[in-house]
Amino acid sequence: MTVLGEGAPTLYDPGPVPGPGGWPVTYEQVATGSLPVVEPQLVPRLSAGLRLHGEYQGSGFTEPKYIARRGDGQVVQLSRLLYLVASSVDGARDVESIAHRVSARFGREVSGENIRFLVEKKLEPLGVTVPEGQESDEVDAPRSDLLLALKGHRVIFDERRTAKIARTFSWLHRPVVVLVMIAAAVAMDVWLFAFYGAIEPVLEVLDQPVLILLVFALTVASLVFHEFGHASACRYGGARPGCIGCGIFLIWPSMYTDVTDVYRIGRGGRIRTDLGGVYFNVVFMLGMAGLYFATGEPFFLAAVYLGHFEILEQLMPAVRLDGYYILGDLAGVPDLYGKIKPILLGLVPGRKGRAARKEVAGLKKSARTVVAAWVLTMVPLIIGELAYALWNLPRIIATMTRSMVEQFSGTGSALADGKIVEGLVGILGCLMLLIPMGGVVYLTVKIGGRIVRAAKRSTAERPVLRVVLCACVLAGLAGLSYAWTSGLTPQPLPKKPPIAPILQPGVSTEEPQPRQATTPDGDASAPDDDPDGPADTGPDGAVPSAADRTAGSGSASPGTSPGASPSASPARSATAPGAASGGTSRGPASPTAPAEQQPSSPGTGGDPSTPPPSPVPSESVPASPTDTPPSPPPSASPATS
């Protein structure tokens, strides 16, 4: 209270005012010696490493949102009031001082009790402030359990080095330079695909293991340069890039750039940052084309060819790659996956549907349109892929297991024989098989666990619904089991010669011959009694060579359709060399890709210049030491038709 003089009225009576020592006292309390015992006010502190990035520019929400990033990398959205409170916390001001500061900036009166409530009930659960009484500034706040999030972050270039690199390359984002680069890229593609022939250098690389390793190294270099594109575009737009590091996306090694600060710049700057990585891939390919013209080495063009697939992969909006963030920034919604549930629940009538529609109503109309279109496209796609995987599960397991066993066996043999380069390339092929397998298993476990937990939560107090749901699941599993065991599902893919033998050492590159038909007593069909008749022929009348018979005696797929012509070879879909990109293929590859991969190395299928011996029954031809050991008979394979 401000004392103007005895008997003078006071302007207001807010209680005791700060005295000389900083404690709130009055003149009468000092004169009489009856000083009150005042409890110290709460002095909130921000958590370690917290950064306040400001208002989310170009937001798709009707109400303004503010962005803060915790020290553990988790980004949180705050309302304007919460952001003003957090920005006023400095570790020295108590809640009363913060209340005066926030009231002046917010335009409405906020009391100290209001500030205490906001700090304890809103900011502490989000990990923005430190709980009262805790000495350390580290907080253990919940993180978003994202299905397709990057795990295990490791910094490669810290913030200072990243800023220096970004400053070096930022001139490449000037409009004139961008136009020149795009025009040069168009001219390069016209020449490469329309005149030179893009597949020719790739086929030449596949014949030489050293060149494969060189192309792999160039692909990894393009990944690093891709991240420089994000960082330099972030700096060019006026934001501050963070560190560049690596992590695990699903189970793929992947790189990332911290560009959280772009949320405080305009939508155009964010989209430039999103496209910066792909743009630098184009610049990298132009550099590789220039090296080809300077040296004449075709493996540089192979790196250019594979770079196109990296760009297409990055632009897919299905997973959290560049295309996903481009679409999110166009809509003004930072987390599209977080809107799947409210969009779908909004289609359901009832109380939950009304609550979901209210949450979606917080988006602008244009943002709602983009998000709803994305959700209604992605959900059927995810369900369709899951159904396809379940229906083809026996084929996937059989073909993937066969390819993996042959790949490991051939690679081990190459290393044991002292073929180091071939062995290293074989190891690369092993990774190309193992990583998609691991991705399928990981996604299956994660999605299955989420579905089970969601079902338990939704049926926690509804036992009848839980029983019905369990009955439906058991019925579905029973139907799938019957389809798997009765031969209704697709059969395992037949063996085919590998499209890239150098990646799969140890297996013949000869076309496998189907097994001969057998009589009911199990003996092979007897040859024609006419000695002048045609030699033992296949169903299409072709005369198999001895090498074909030896390779085909145990390599025919147990699931070969009786009506399929053995000479009709299905399209080979071996893993492309670009899949070994050191982490750029972040989504799991198609589980059927390894099906037609057969580990092989040059020189193991017999000398093609040697004339084949006279045809004899395959059972009587001894296996050559270089031939592939026969696979188990059909009865040892999974029960498929």
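Q: How far apart are the end C-alpha atoms of helix α6 (residues 175-196)?
A: Take the expected span in this predicted model: 1.5 Å times one less than the number of residues. Helices here are DSSP runs of H or I with at least four residues, and strands are E runs of at least two, numbered from the N terminus. For the 22 residues of α6, that rule gives 32 Å. The model agrees with it, because the end C-alpha atoms are separated by 30 Å.

Q: What pLDDT do local features need in this predicted model?
A: Residues are numbered from 1 along each chain as its sequence is written, and side-chain values use heavy atoms, without hydrogens or water. Totals for chains, interfaces and linings use all residues, side-chain atom pairs count only at pLDDT 80 or more, and local features need pLDDT of at least 70.

Q: How many degrees of arc do the buried residues V177, M181, A185, M188 and L192 cover around the axis of α6?
A: These five are buried in α6 (buried means under 20% relative accessible area, exposed over 50%, partly exposed in between, with a 1.4 Å probe and protein chains only). They lie on the same side of the helix, because their arc, taken from the axis to the C-beta atoms, is only 70 degrees. An α-helix has 3.6 residues a turn, so residues three or four places apart point the same way. The arc asked for is 70 degrees.

Q: Which helices do the buried residues of α6 pack against?
A: The other side of α6 carries exposed residues, including P175, L179 and F195. The buried residues make the packing contacts, where contact means heavy atoms within 4.5 Å. Their partners are α9 (267-295) and α10 (299-314).

Q: Which residue with a positive phi follows α6?
A: The helix covers residues 175-196. The residue after it has a phi near 100 degrees. That residue is G197.

Q: Is S170 buried or exposed?
A: S170 sits in the loop between α5 (159-169) and α6. Beyond its neighbours within four places in sequence, S170 contacts S232 and Y236. Its relative accessibility is 16%, so S170 counts as buried.

Q: Which strands stand at the edges of the open sheet β3-β4-β5?
A: The pairing is antiparallel; two strands pair if DSSP finds at least two bridges between them. Four bridges join β3 and β4, and four join β4 (66-69) to β5 (75-78). Two strands have a single partner each, so one side of each lacks a neighbour in the sheet. Those edge strands are β3 (51-55) and β5.

Q: Which residues of β5 are buried?
A: Side chains alternate along β5. V75 and Q77 point to one face and are not buried. V75 is also the bridge partner of R69. Pointing to the other face, the buried pair is V76 and L78.

Q: Which residue takes a positive phi in the hairpin of β4 and β5?
A: Five residues lie between the two strands. One residue of this hairpin has a positive phi near 95 degrees. That residue is G73.

Q: How many residues of strand β8 (residues 252-257) are buried?
A: β8 pairs with β7 (residues 244-249) in the antiparallel sense over six bridges. Within that pair, G247 has S254 as its bridge partner. β8 is largely enclosed by the rest of the structure, because the buried count among its six residues is five.
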